[in-house]
Amino acid sequence: MIIIDHLTKRYGAQTALDQLNLKVDKGEIYCLLGANGAGKTTTINLLLGFIEPTSGSAFINQLNVRENPKNTKRYLAYIPENLMLYPSLTAVENLDYFSGIAGKTFSISDLKGFLEEAGLQSQAFNKRISTFSKGMRQKVGIAIALAKDAKVLLLDEPTSGLDPKASNEFGLLLQKLRAKGVATLMATHDLFRAKEVATHIGIMKDGQLKQQFKADDISLPELETAYLKTMDYKELKV
Ligand code: ATP
């Protein structure tokens, strides 16, 4: 569902992304790890068509993002660190609005069904988003993905700032979507959550993918060691 082929993005002399190759199939969750400035957000922005690559290509459902900017967006749902929703509208109204943009019309009961599937408590359905916690807003984001019937989910640090319970709930939702065949690419700093939810994990540094694992093949301590080694972390001597 996602193919990234020698994707490169330069800003003047700065190489934000350097010949990245990566694949995410149906029903896979690929977590991209890496320090600040590693190129994770650049990768996601290229898949969204927000920015143009310097060279290389990105494909969503076999369509080249650069050549099919509108069509590729039909398959995508995107949840950034801070999801932009309309604060004065309720959860149901936001969902109605964003599914409308995606060309879908639903009854109120269908909309509530998506919110319920995304794990939002029913008491919150008709409350304004301005009263929502981050975890609740992320659930509305998942409901939008469900309403849109997105085949590909792009997530940029979706669990940062979530408490462990909310983060765990979010991980369970991702696994639910995975069971439906959704392909997910998630940029995160959260090694623990990556190990919990991912099927595949990549470690980026300086715009390059340095290491790649199947999540089942590596323990959390091994992942942490691999990450720190990739970052050239030196142990503190006391
Ligand atoms: P973080 O974990 O902080 O979100 P990241 O891995 O997502 O980091 P990117 O935001 O993709 O990193 O940035 C990769 C590199 O590209 C960084 O060195 C950044 O400064 C540079 N960069 C990103 N956008 C621009 C831009 N518009 N102009 C110039 N340089 C940019």
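Author: Partly exposed means a relative accessible area that is neither under 20%, which is buried, nor over 50%, which is exposed. Keep in mind that this is a predicted model.

Reader: Why is Y97 called partly exposed?

Author: Y97 comes out at 38% relative accessibility, so it counts as partly exposed. You'll find Y97 in helix α3, residues 91-101.

Reader: What makes the nonpolar surface patch?

Author: Y86, Y97 and I101 make it, and it covers about 320 Å². A patch residue needs over 30% relative accessible area, and Y97 has 38%.

Reader: OK, on to the ligand. Which residues are the closest to it?

Author: Q14, G37, K40, T41 and T42, out of 13 residues that surround the ligand.

Reader: How do you know that K40 makes a polar contact with the ligand?

Author: The cut-off for a pair of N or O atoms is 3.5 Å. A polar side-chain atom of K40 lies 2.8 Å from a ligand oxygen, so the pair counts as a polar contact. E157 also brings a polar side-chain atom, 3.4 Å from an oxygen atom of the ligand, while A38 uses a polar backbone atom at 3.0 Å from a ligand oxygen. As for cover, the ligand has 640 Å² of accessible area on its own, and the protein covers 62% of that.

Reader: Which element gives the most to the shell around the ligand?

Author: That's α1, with three residues. Both α1 (40-48) and β2 (14-24) supply at least two.

Reader: And what makes up the shell by residue type?

Author: Four nonpolar, seven polar and two charged residues.

Notes:
Residues numbered from 1 in each chain as written. Predicted model: local features only at pLDDT ≥ 70, side-chain atom pairs only at ≥ 80, totals over all residues. Heavy atoms only, no water. Patch = residues over 30% accessible without salt bridge, like charges linked within 9 Å, V, L, I, M, F, W, Y side chains within 5 Å. Areas by Shrake-Rupley, 256 points an atom, 1.4 Å probe, with all protein chains shown as cover. Salt bridge = Lys/Arg side-chain N within 4 Å of Asp/Glu carboxyl O. Helix = DSSP H or I, 4+ residues; strand = E, 2+ residues; numbered from the N terminus. Buried < 20%, exposed > 50% of the residue type's maximum accessible area, 1.4 Å probe, protein only. Near = heavy atom within 4 Å. Polar contact = N/O pair within 3.5 Å; in protein donor to acceptor, adjacent residues only side chain to side chain. Nonpolar A, V, L, I, M, F, W, Y, C, P; charged D, E, K, R; others polar.
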